[in-house]
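Reader: I am new to this structure and would be grateful for a close look at one part of it. Please explain how its strands are arranged and how its helices pack.

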Amino acid sequence: MTEKYSSFQASCANCGLKGICFAQGLHDSEMQVLDELVDRTPCTLKGELLYSAGDPFTKLYAIRAGGVKVFSCSDTGEEIIHGFYLPGDIIGLESMAFEHHQYSAVALDTTSVCGLPYQRLAALGAKISNLNIQLFNLMSYEIVSSRQHARLLTQKSAEQRLAEFLWNMSQKFQSRGYEHLQFRLNVLHREVASFLNLTPETISRILGKFHQAQILTWKRKEVTIHQERLLKACATGQETQACSGH
């Protein structure tokens, strides 16, 4: 991919997401040094790739606005979805041990990111211990998320999978200071089905159950959670009757 740059100059110190991004725990002077590394790309439009599998790996990307889907393709050309990422999330961590990106990343909406050249970031981390710690924390979070997703696919029912997915997205929005009981989720039901190893028909059927039980509604990409406690109970398996529609 050819990368372009814009006049987008919001600094790390003024970013509302600094508490969950690379700048977390940094002093003002350290944040200023980090800010000098950041490549600020122009907005990526919905459906455009930020990078493709096989592209040279040179940067990590922090999402500032919008959303990103990370995916790969099977030998038969089928799309395999590895995650949906929101503002404050870091993408590209899985490629740090390689010279090329392992997956592709596509914008789910008009999206802006901060690119952090990996080699320069690693060198700076050797000088700023808090930055190095945060990088390890982000790697740890990615590992735990991957293992939790594997557990989700192997140990939970279809209803629990969808409930946990929506609960986790809600909690992500809340942690970033956004409205978490009513939010826009710019993904298709078939994409969520792929991510949860379900069929689109199963997703539609479960959403119908959740709507009937007045747990939540998801229409035209707008998610409204009516009973937060009950959704969490469905996700954790503490409530089965309402989740199953009985």
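**Strands and packed helices**

Author: Four strands make up an open sheet in the order S2-S7-S4-S5, and their pairing is antiparallel. At the edges of this sheet stand strand S2 (49-51) and strand S5 (79-85), each of which pairs on one side only. From one strand to the next, the twist averages 30 degrees. The pairing of strand S4 (residues 68-73) with S5 is antiparallel and extends over 6 bridges. Within it, Ser72 has Ile80 of S5 standing opposite.

The model is a predicted one, and the confidence attached to it should be kept in mind. Mean pLDDT for the protein is 90, with 93% of the residues reaching 70 or more. Residues 1-8 need caution, for pLDDT stays under 50 there. In the model, this stretch has 18 contacts beyond four places in sequence.

A further open sheet holds 4 strands in the order S1-S8-S3-S6, and here too the pairing is antiparallel. Strand S1 (39-40) and strand S6 (90-91) occupy its edges; each has a single partner strand, so one side of each is left without a neighbour in the sheet. Strand S3 (residues 59-65) is joined to S6 by 2 bridges, and the two run antiparallel. One residue of this pairing is Ala62, whose bridge partner in S6 is Ile90. Against this sheet packs helix H2 (residues 118-125), which touches both S3 and strand S8 (112-117). The direction of H2 makes about 65 degrees with that of S8.

From H2, the account passes to the packing of helices. Two packed helices are described by the angle between their axes and the distance between the axes. For H2 and H3, the axes come within 7 Å and cross at roughly 125 degrees, and H2 is therefore oblique to H3. On the H2 side, the contact is made by Leu121, Leu124 and Gly125; on the H3 side, by Ser129, Leu131 and Asn132. These residues divide into 3 nonpolar and 3 polar, with no charged residue in the contact.

Helix H3 (residues 129-155) also packs with helix H4 (residues 158-175): their axes come within 10 Å and cross at roughly 155 degrees. Because of that angle, H3 is roughly antiparallel to H4. Their crossing is right-handed. H3 contributes Tyr141, Arg151, Leu152 and Leu153 to the contact, while H4 contributes Gln160, Arg161, Glu164 and Lys172. By class, 3 of the residues in this contact are nonpolar, 1 is polar and 4 are charged.

H4 packs in turn with helix H7 (residues 228-236), at an angle of about 130 degrees and with the axes 7 Å apart. H4 and H7 are therefore oblique to each other, and their crossing is left-handed. The contact is made on the H4 side by Gln160, Ala163, Glu164, Leu166, Trp167 and Gln171. On the H7 side, it is made by Glu228, Leu231, Lys232, Cys234, Ala235 and Thr236. By class, this contact has 6 nonpolar, 3 polar and 3 charged residues. Gln160 and Glu164 of H4 thus appear both in the contact with H3 and in the contact with H7.

Notes
Residues numbered from 1 in each chain as written. Predicted model: local features only at pLDDT ≥ 70, side-chain atom pairs only at ≥ 80, totals over all residues. Heavy atoms only, no water. Pairing = 2+ DSSP bridges. Contact = heavy atoms within 4.5 Å. Axes fitted to C-alpha atoms, helices over the stretch in contact; angles between N-to-C directions. Parallel < 35°, antiparallel > 145°, perpendicular 65-115°, else oblique. Left-handed = near helix turned anticlockwise from the far one by under 90°. Nonpolar A, V, L, I, M, F, W, Y, C, P; charged D, E, K, R; others polar. pLDDT = per-residue confidence, 0-100.
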